[in-house]
Number of protein chains: 2
Amino acid sequence: MSEGSTAKRVRRTKAEQRAETLEQILDAAEYLFSKNGLHGVTLRDVAQRVGVHTTLLHYYFDDKLSLFEAVFARRAKVTSDRRMEAMARYEAEAGDEPTVEGALHVFLDTDFDLYIERGEPWMNYAAFCARVSNTPEGAALMDEHFDPVVLKLISILKRALPEMPEEDIFWGYHFVTGALMNTFARTGRIDRLSGGLCKSDDFPAVKARMAKFMAAGLLALRGEHGSTG
Amino acid sequence: MSEGSTAKRVRRTKAEQRAETLEQILDAAEYLFSKNGLHGVTLRDVAQRVGVHTTLLHYYFDDKLSLFEAVFARRAKVTSDRRMEAMARYEAEAGDEPTVEGALHVFLDTDFDLYIERGEPWMNYAAFCARVSNTPEGAALMDEHFDPVVLKLISILKRALPEMPEEDIFWGYHFVTGALMNTFARTGRIDRLSGGLCKSDDFPAVKARMAKFMAAGLLALRGEHGSTG
DNA sequence: ATTATCTATAGATCTATAGATAATGC
DNA sequence: ATTATCTATAGATCTATAGATAATGC
């Protein structure tokens with residue numbers, strides 16, 4: 001009884017202990033922030049979820065916002081780098097003739113695979129990003145971490161659509177990212193609307209449809225569409 | 001000086017006063033909630049913006065969540081009814097042959113026109129909805145107020161796409177609403193990404209592109225797309 | 001000797017309620 | 001006489017800091 005929780009306490013080095021605690025804190029914060037946003041989560045909530053005292057969060061992070069930013073930053077580089085590399089490979093393969101659908105498949109599917117393969121923690125990160133993207137405190141973070149990968153996609157799309165006005169390509173991306181964030185958010189609304197036919201958690205189903213859908217949408221913007229904008 | 005603010009105080013009836021104060025409170029709350037979400041706004045913030053004492057909010061509303069729900073409900077019926085009627089008219093006109101693009105034009109453009117015509121307060125409501133749609137406390141509100149109008153759209157789309165599996169239509173709607181909410185949110189991200197070429201506030205530009213884009217996307221889902229989902 | 005974690009607590013807010021005051025209503 | 005608004009305040013949190021204790025490091 002008095003040794004109930006010693007199973008794991010096989011004596012860790014300080015570096016290990018630090019890394020482990022940090023990861024637990026970030027996981028808990030990621031989960032809670034993804035559900036309730038920056039202001040909907042207290043440091044106490046996070047600490048309780050980890051099973052640690054609130055003040056420990058101040059030992060590892062300056063303040064609440066720093067924790068929030070650290071959650072964002074932890075996985076941002078992984079997803080960004082993966083997509084950057086995948087798009088570079090695609091560009092090499094496609095040579096002078098990249099296609100809209102090809103570019104979107106690489107951009108979207110590479111990311112979906114990440115979440116599908118690695119499961120809940122990464123799905124939570126996706127949900128976290130969806131919330132952040134909607135938020136004043138998140139705007140700068142999105143710009144900072146994801147501008148390069150987005151602009152890379154845009155540059156391939158431009159080559160695939162040389163005659164299309166740039167605005168149209170940007171608006172197309174605006175639709176793509178909106179749909180993507182709505183997927184990441186996993187609100188459950190599509191489950192209820194469809195009577196269970198579709199499930200918010202079913203990223204494979206979205207992956208199977210999204211690139212084709214968005215490519216067709218972008219291509220449809222060719223030709224006139226009023227003079228507005 | 002001592003009568004500085006009497007210009008408007010032309011003696012109002014209590015009902016008028018009540019209505020006016022209520023509207024000011026809802027406007028202020030709508031604006032603030034749209035920016036910072038339920039938890040990112042205090043009753044004090046709202047009261048200060050109106051220029052009234054915090055406790056007055058408790059006189060008009062049970063608690064903070066009631067105020068939040070009242071903000072949602074105030075304009076929900078207007079946008080829902082407008083779209084319902086527009087879709088009914090479209091169905092009457094189109095008879096046996098509604099089109100995907102026609103249905104989406106009615107659903108989307110009718111709403112965009114509302115925000116474009118009536119300006120900032122309604123644009124704030126749209127931003128408020130975008131935030132709510134992403135939020136646990138908002139899920140039930142979205143269902144309650146917007147299920148009928150969405151299911152109406154879905155039913156027209158089904159008639160326009162009789163051979164398409166229902167899931168595909170629901171996933172198509174999922175993309176549409178994601179893009180729509182991203183527009184409503186007006187985060188400014190597309191402005192920065194595009195170097196000012198596109199503007200988050202430019203609903204006419206989105207209106208000019210969105211229905212065509214989404215219709216093409218939906219139509220592209222016809223035919224095989226793997227067996228996933 | 002250093003680092004990780006906890007105890008104690010200050011100071012600021014926040015929501016909400018009770019009850020007083022100042023308007024309009026008849 | 002009723003309704004709208006404000007004053008005063010309770011009680012609960014919340015963030016953050018200072019300083020104590022309990023581990024690991026050499």
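So, reading along the sequence, chain A goes α-α-α-α-α-α-α-α-α-α. Counted up, chain A has 10 helices and zero strands; here helices (H or I, at least four residues) and strands (E, at least two) are DSSP runs, numbered from the N terminus. The C-alpha trace of chain A spans about 75 × 40 × 30 Å along its principal axes.

Quick housekeeping. This is a predicted model, where local features need pLDDT of at least 70, side-chain atom pairs count only at pLDDT 80 or more, and totals for chains, interfaces and linings use all residues. Residues are numbered from 1 along each chain as its sequence is written, chains are lettered from A and ligands numbered from 1 in the order in which they are written, and side-chain values use heavy atoms, with hydrogens and water left out.

Okay, the two protein chains. How is chain A related to chain B? A turn of 180° and a shift of 0.0 Å along the axis lay chain A on chain B with an RMSD of 0.0 Å, and that is the relation of a two-fold axis. The superposition is by least squares on the C-alpha atoms of residues with pLDDT of at least 70 in both copies.

Where they touch, chain A brings 60 residues and chain B brings 60 residues, with contact meaning heavy atoms within 4.5 Å. Because 100% of the interface residues of chain A are also interface residues in chain B, the copies meet through the same surface.

The area buried between chain A and chain B is about 5,600 Å², and carbon and sulfur atoms give 64% of that. Buried area is the accessible area (1.4 Å probe) that two parts lose on being put together, summed over both. Trp171(A), Arg209(A) and Phe213(A) supply 15% of the area that chain A buries against chain B, more than any other three residues.

Arg209(A) turns up again: Arg209(A) makes a salt bridge with Asp168(B), with the closest N and O atoms 2.6 Å apart. A salt bridge is a side-chain nitrogen of Lys or Arg within 4 Å of a carboxyl oxygen of Asp or Glu, and the rule finds eight of them across this interface. Which helix gives the most to the side of chain A that touches chain B? That's α8(A), with 15 residues.

Now the DNA. Around strand D there are 20 residues, and Thr13(A), Thr55(A), Arg18(B), Tyr59(B) and Tyr60(B) come nearest. "Near" means that a heavy atom of the residue lies within 4 Å of the strand. Of the atoms of strand D within 4 Å of the protein, 64% belong to sugar or phosphate and the rest to bases.

Look at the phosphates of strand D: one phosphate oxygen is 2.8 Å from an N or O atom in the side chain of Thr13(A), and a phosphate oxygen is 2.7 Å from an N or O atom in the side chain of Tyr60(B). The elements giving two or more residues to that surface are α3 (54–60) of chain A together with α1 (14–36) and α3 (54–60) of chain B.

Over on strand C, there are 20 residues too, with Lys14(A), Arg18(A), Tyr59(A), Tyr60(A) and Thr55(B) coming nearest. The side chain of Tyr59(A) has an N or O atom 2.3 Å from a phosphate oxygen of strand C. What does Thr55(A) have a polar side-chain atom 3.2 Å from? A base oxygen of strand C.

Key: A polar contact is a pair of N or O atoms within 3.5 Å; within protein, one must be able to donate a hydrogen and the other to accept it, and residues adjacent in sequence count only if both atoms are side-chain atoms.
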